[in-house]
Amino acid sequence: MEQTIASGLQMKVVKSSVSRNISWKMTNSSAAVFGANPKTNSYSMFPRASYISSVKPLSCNNTSTPSKSNEFITREMSQSPESKPTLPGLPIDLRGKRAFIAGIADENGYGWAIAKSLAAAGAEILVGTWVPAMNIFETSLHRGKFDASRILPDGSLIEITKVYPLDAVFDNPEDVPEDIKANRRYAGYSNWTVQEVAECVKKDFGTIDILVHSLANGPEVTKPLLETSRKGYLAALSASSYSYVSLLKHFVPIMNPGKCGATISLTHNASERIIPGYGGGMSSAKAALESDTRVLAFEAGRRYKVRINTISAGPLRSRAAKAIGFVDTMIEYSINNAPLQKELAADEVGNAAAFLLSPLSSAITGSVVYVDNGLNAMGMAVDSPVFGDNNIPKDN
Ligand SMILES: NC(=O)c1ccc[n+]([C@@H]2O[C@H](COP(=O)([O-])OP(=O)(O)OC[C@H]3O[C@@H](n4cnc5c(N)ncnc54)[C@H](O)[C@@H]3O)[C@@H](O)[C@H]2O)c1
């Protein structure tokens with residue numbers, strides 16, 4: 001029996017009448033595979049050596065028909081170098097696309113990981129860096145401090161075409177107060193309000209295809225909401241939510257529409273669940289960001305054919321997260337309680353972002369996409385000491 005399971009891909013199903021096992025054999029060569037590499041437990045969106053010459057389902061002793069053929073394919077990859085691809089597979093191909101990523105100031109955050117995934121898929125990378133962090137970021141980049149983290153899956157180093165100074169709290173020069181103008185950390189930089197940065201990008205490159213908002217700031221994040229000042233609360237919303245509205249307002253008009261005109265932001269589950277310690281109005285800011293994602297998806301979709309999504313990411317030891325003060329505990333909590341018991345890697349968020357910013361997700365907009373090992377789906381902390389030795393199933 002032969003079945004076509006993907007465009008042009010032919011698969012031969014050989015059924016043994018004795019064992020009822022089913023083996024799958026690729027005819028007409030092989031397929032590029034996305035997902036986890038079973039040997040290294042790492043994740044990749046790149047075909048590399050992921051070509052199949054012969055595929056068997058892992059455990060189908062008691063089944064007569066395979067239910068998830070793609071899963072079988074992904075798990076049992078033959079990495080034989082002799083295997084030659086004759087079909088292109090299903091790549092995340094962003095060659096010829098230009099991305100602007102707001103919110104990179106070092107190699108440890110989600111913005112950097114997203115930049116790497118987009119670059120690995122072929123996109124040109126422009127970066128917006130918070131003005132006070134600009135000097136240290138550019139210096140470190142040029143001195144090679146990030147070189148070890150610049151390596152892409154094919155061995156090349158990510159190239160950032162241009163870094164723009166940006167302060168996403170200010171829309172245009174008229175908004176900038178005197179104390180900021182006089183601040184020595186802003187001295188020497190110009191054109192860093194959102195409107196000016198968009199104008200500079202337009203002048204330098206004409207258009208972009210992809211916009212990433214990977215920034216947040218809550219000056220009173222360590223304070224409980226009940227103790228947060230009005231000023232602190234509004235500052236959190238200004239830097240972490242309205243900044244996305246402002247970026248879209250100024251950048252969407254220079255975005256190429258269609259399947260690749262896409263933007264994402266990064267949110268946190270504190271928007272919809274109580275996360276004690278994520279204070280200072282930051283939970284409110286993430287709730288606003290998620291609500292805005294839906295409204296903006298409608299407006300930008302109708303007017304500009306641009307897609308707007310947000311990734312609700314699990315905990316990562318970024319500079320911003322360390323400022324909150326308990327990110328290690330959050331990581332441990334997630335490992336103990338999430339369906340997938342592993343530490344979330346930044347590139348898992350980067351790869352999900354690349355998908356959401358690629359034509360492969362051309363019908364997804366207005367969505368909150370969870371990339372958190374499934375923690376958001378839990379309704380109970382299975383490691384709670386109140387359960388003691390009671391019969392709570394913690395795993396299978
Ligand atoms: N790290 C986590 O555990 C986690 C979890 C879920 C969501 N997120 C979100 O991911 C996004 C990226 O954060 P991260 O954790 O990777 O930390 P990060 O420190 O790498 O990124 C935050 C960036 O925001 C920039 N920034 C702050 N104020 C700014 C301003 N006014 N204008 C321009 N840039 C400004 C900082 O310079 C920094 O580069 C944020 O939206 C954050 O809330 C993080």
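Let's start at the ligand: 26 residues surround it, and the ones that come nearest are Tyr 110, Asp 167, Lys 286, Leu 316 and Ser 318. Keep in mind as you look around that this is a predicted model.

One of those nearest residues, Tyr 110, offers a polar backbone atom that sits 2.8 Å from an oxygen atom of the ligand. Leu 266 also takes part through its backbone, with a polar atom there lying 3.4 Å from a ligand oxygen. Asn 217 uses its side chain instead: an N or O atom in that side chain is 3.5 Å from a nitrogen atom of the ligand. How much of the ligand does the protein bury? Taken alone, the ligand exposes 810 Å², and the protein buries 93% of that.

Now step back to the shell as a whole. By residue type, the shell around the ligand divides into 15 nonpolar, eight polar and three charged residues. Strand E11, which covers residues 262-267, and helix H8, residues 319-324, each supply at least two residues of this shell. The largest share comes from H8, with three residues.

From here, let's move to another element, helix H5. This helix runs over residues 194-205, 12 residues in total, and from its first C-alpha to its last it reaches 16 Å, close to the 16 Å expected at 1.5 Å a residue. Which residues of H5 are buried? They are Val 194, Glu 196, Val 197, Ala 198, Cys 200 and Val 201. When you read that list, it helps to recall that an α-helix has 3.6 residues a turn, so residues three or four places apart point the same way. With that in mind, you can look at Val 194, Val 197 and Val 201, which are among the buried residues of H5.

What covers these buried residues includes three strands, E7 (98-102), E8 (124-130) and E9 (160-166), along with helix H6 (230-251). Just after H5, Gly 206 takes a positive phi of about 85 degrees.

Finally, zoom out to the whole chain. It has 10 helices and 13 strands, and of its 396 residues, 46% are buried. Among contacts between residues at least 6 apart in sequence, 72% join residues at least 24 apart. On the outside, the chain exposes about 20100 Å², and carbon and sulfur atoms supply 52% of that area.

Methods:
Residues numbered from 1 in each chain as written. Predicted model: local features only at pLDDT ≥ 70, side-chain atom pairs only at ≥ 80, totals over all residues. Heavy atoms only, no water. Helix = DSSP H or I, 4+ residues; strand = E, 2+ residues; numbered from the N terminus. Expected span 1.5 Å × (residues − 1). Buried < 20%, exposed > 50% of the residue type's maximum accessible area, 1.4 Å probe, protein only. Contact = heavy atoms within 4.5 Å. Near = heavy atom within 4 Å. Polar contact = N/O pair within 3.5 Å; in protein donor to acceptor, adjacent residues only side chain to side chain. Areas by Shrake-Rupley, 256 points an atom, 1.4 Å probe, with all protein chains shown as cover. Nonpolar A, V, L, I, M, F, W, Y, C, P; charged D, E, K, R; others polar.
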